[in-house]
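Colleague: Please take me through the surface of this chain and the sheet next, one part at a time. Begin with a close look at a single residue on the helix, and go on from there.

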Amino acid sequence: MDNFLGEHGEMILYGLVGIMMVFLISTVCFGTWQKITPAYHTKKEKSNQEFRKDNQGKYPTIETDEVIYADYQNAKFNFRDYIRAKDWNGRDLTDRVHVYGSVDVFQKGIYKLRCVVVSDSQLACTKYVNVIVE
């Protein structure tokens with residue numbers, strides 16, 4: 001024990017002093033931190049749960065299969081023909097769908113696409129689609 005304290009005693013002492021300093025600073029500044037940090041849960045602001053209740057069913061939807069098959073070397077294949085989008089009123093939003101990724105029908109494989117649509121009320125829907133070229 002004497003050998004351990006002789007080699008590591010100074011580090012242990014500095015560690016304890018550091019812990020005490022953090023505790024002391026936290027105690028002194030606690031009231032100040034509450035004043036400078038924004039209050040996220042006030043009566044004026046909506047929580048995420050209230051936001052979800054207010055907008056439940058109002059999100060747009062993307063209607064497509066999770067897997068789309070394409071024929072190898074079919075130059076007429078367009079994956080956008082298989083993707084449809086609607087808002088919660090049933091209005092067509094297909095032209096607003098942003099597709100991230102690409103498909104090369106001249107090379108066999110599996111291609112992953114990410115489809116995103118945003119409605120007029122700035123609510124979004126994301127769907128992942130796999131295109132299999134065989």
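Modeller: In this predicted model, Val17 is partly exposed, with a relative accessible area of 41%. That value falls in this class because buried means under 20% and exposed means over 50%. Val17 sits in helix H1, which covers residues 2–36. Val17 belongs to a nonpolar patch on the surface, together with Leu13, Met21, Leu24, Ile25 and Val28. The accessible area of the patch adds up to about 570 Å².

Now the sheet. Four strands make up an open sheet, and their order is E2-E6-E5-E4, with mixed pairing. Strand E2 (67–70) and strand E4 (98–100) are at the edges; each has a single partner strand, so one side of each has no neighbour in the sheet. From one strand to the next, the twist averages 30°.

Take the edge strand E2. Its pairing with E6 is parallel and has four bridges. One of the residues involved is Tyr69, whose bridge partner in E6 is Ile132. The side chains of E2 alternate along the strand: Ile68 and Ala70 are buried and point to one face, whereas Val67 and Tyr69 point to the other face and are not buried.

On to E5 and E6. Strand E5 (residues 109–118) and strand E6 (residues 124–133) run antiparallel, and ten bridges join them. Ile132 appears again here, as the bridge partner of Ile110. Gly109 is also part of strand E5. Gly109 is partly exposed, and its relative accessible area is 23%. Leaving aside neighbours within four places in sequence, Gly109 is in contact with Val131, Ile132 and Val133. Gly109 and Val133 are 24 residues apart in sequence, but their C-alpha atoms are 5.4 Å apart in space.

The loops come next. Most residues other than glycine have a negative phi. Gln73 is not a glycine, yet it has a positive phi of about 65°. Gln73 lies in the loop between E2 and strand E3 (84–86). With a relative accessible area of 49%, Gln73 is partly exposed. Gln122 is not a glycine either and has a positive phi of about 65°. The loop that holds Gln122 is the one between E5 and E6. Gln122 counts as exposed, because its relative accessible area is 63% and the cut-off for exposed is over 50%.

That leaves the charged side chains. The whole structure has three salt bridges. In one of them, Arg91 pairs with Asp87, and the closest N and O atoms are 3.3 Å apart. Asp87 is buried at 10% relative accessibility, while Arg91 is partly exposed at 39%. Arg91 also forms a salt bridge with Asp120, where the closest N and O atoms are 2.4 Å apart. This pair links distant parts of the chain: Arg91 is in the loop between E3 and E4, Asp120 is in the loop between E5 and E6, and they are 29 residues apart. Arg96 forms a salt bridge with Asp120 too, with the closest N and O atoms 2.6 Å apart. Here again distant parts of the chain are linked, since Arg96 is in the loop between E3 and E4 and is 24 residues apart from Asp120. Arg96 is partly exposed, at 30% relative accessibility. Through shared partners, the salt bridges join Asp87, Arg91, Arg96 and Asp120 into one network.

Conventions
Residues numbered from 1 in each chain as written. Predicted model: local features only at pLDDT ≥ 70, side-chain atom pairs only at ≥ 80, totals over all residues. Heavy atoms only, no water. Patch = residues over 30% accessible without salt bridge, like charges linked within 9 Å, V, L, I, M, F, W, Y side chains within 5 Å. Areas by Shrake-Rupley, 256 points an atom, 1.4 Å probe, with all protein chains shown as cover. Salt bridge = Lys/Arg side-chain N within 4 Å of Asp/Glu carboxyl O. Helix = DSSP H or I, 4+ residues; strand = E, 2+ residues; numbered from the N terminus. Buried < 20%, exposed > 50% of the residue type's maximum accessible area, 1.4 Å probe, protein only. Pairing = 2+ DSSP bridges. Axes fitted to C-alpha atoms, helices over the stretch in contact; angles between N-to-C directions. Contact = heavy atoms within 4.5 Å.
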